[in-house]
Amino acid sequence: MGVAWFEEAEWQRATQRWPDLLDEMPAEHAAYRAAVEAKVKAMQPNLRGARLALVPITIEQIEARAAADGIDPASADARGRVAADRTRAGHGVLWPPGRNDGCWCGSGAKYKRCCGA
Ligand SMILES: [Zn+2]
């Protein structure tokens, strides 16, 4: 199962386009990444052993999929559909990474010293 998130520049663009995103998530990207980490951590007990993948998505991907499906690009549904597409296409990073593996956020730091700290 893929969980969508936005890389830093894309998060800034997305929150300008769809300010309601800030109802649930902080604007500042480090705080946003921590909130994504907390969200997947909270989801994990309900997965019955299935692995989550974190997958970065873009506004263009969301708008293309929403237009194709006739749904609101600002909706969580649109983001979820893109996350599923991108995960199926192999763009997701399994969560949690190993403690000494590179962090899912692409910082280049080990997971234990980054979002997994
Ligand atoms: Zn990280």
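Start with the outward side of helix 2: Ala31, Ala38 and Ala42 are exposed there, on the face turned away from the helix's buried side. Keep in mind that this is a predicted model. The buried side of helix 2 holds Tyr32, Arg33, Val36 and Glu37. Those four cover an arc of only 140 degrees around the axis, so they sit on the same side of helix 2. That fits the usual geometry: an α-helix has 3.6 residues a turn, so residues three or four places apart point the same way.

What do the buried residues of helix 2 pack against? They pack against strand 1 (2–5) and helix 1 (8–17). The length of helix 2 checks out too: its 15 residues (29–43), at 1.5 Å a residue, should span 21 Å, and the end C-alpha atoms are 21 Å apart, which agrees.

Now for the sheet. It is open, with three strands in the order 1-2-3 and mixed pairing. Strand 1 and strand 3 (93–95) are the edge strands, each pairing on one side only. From one strand to the next, the twist averages 35 degrees. Here is how the pairs line up:

| Strand pair | Sense | Bridges |
|---|---|---|
| Strand 1 and strand 2 | parallel | four |
| Strand 2 (residues 52–56) and strand 3 | antiparallel | three |

For a residue-level view, Leu52 has Trp95 in strand 3 as its bridge partner. Two helices also pack on this sheet. Helix 2 touches strand 1, strand 2 and strand 3, and its direction makes about 155 degrees with that of strand 2. Helix 4 (residues 76–88) touches strand 1 and strand 2, with its direction at about 115 degrees to that of strand 1.

Strand 1 is worth a look of its own. Gly2 and Ala4 point one way from strand 1, Val3 and Trp5 point the other way, and all are buried. As a rule, side chains in a regular strand alternate between the two faces of the sheet. Val3 stands opposite Leu54 in strand 2.

Val3 also leads back to helix 4. The C-alpha atoms of Val3 and Ala84 are separated by 7.9 Å, although the two residues are 81 residues apart along the chain. Ala84 belongs to helix 4. Why does Ala84 count as partly exposed? Because Ala84 has 16 C-beta neighbours inside 10 Å, whereas a residue needs 20 or more to be buried and 12 or fewer to be exposed.

Key
Residues numbered from 1 in each chain as written. Predicted model: local features only at pLDDT ≥ 70, side-chain atom pairs only at ≥ 80, totals over all residues. Expected span 1.5 Å × (residues − 1). Arc of directions from axis to C-beta. Contact = placed C-beta atoms within 7 Å. Pairing = 2+ DSSP bridges. Axes fitted to C-alpha atoms, helices over the stretch in contact; angles between N-to-C directions.
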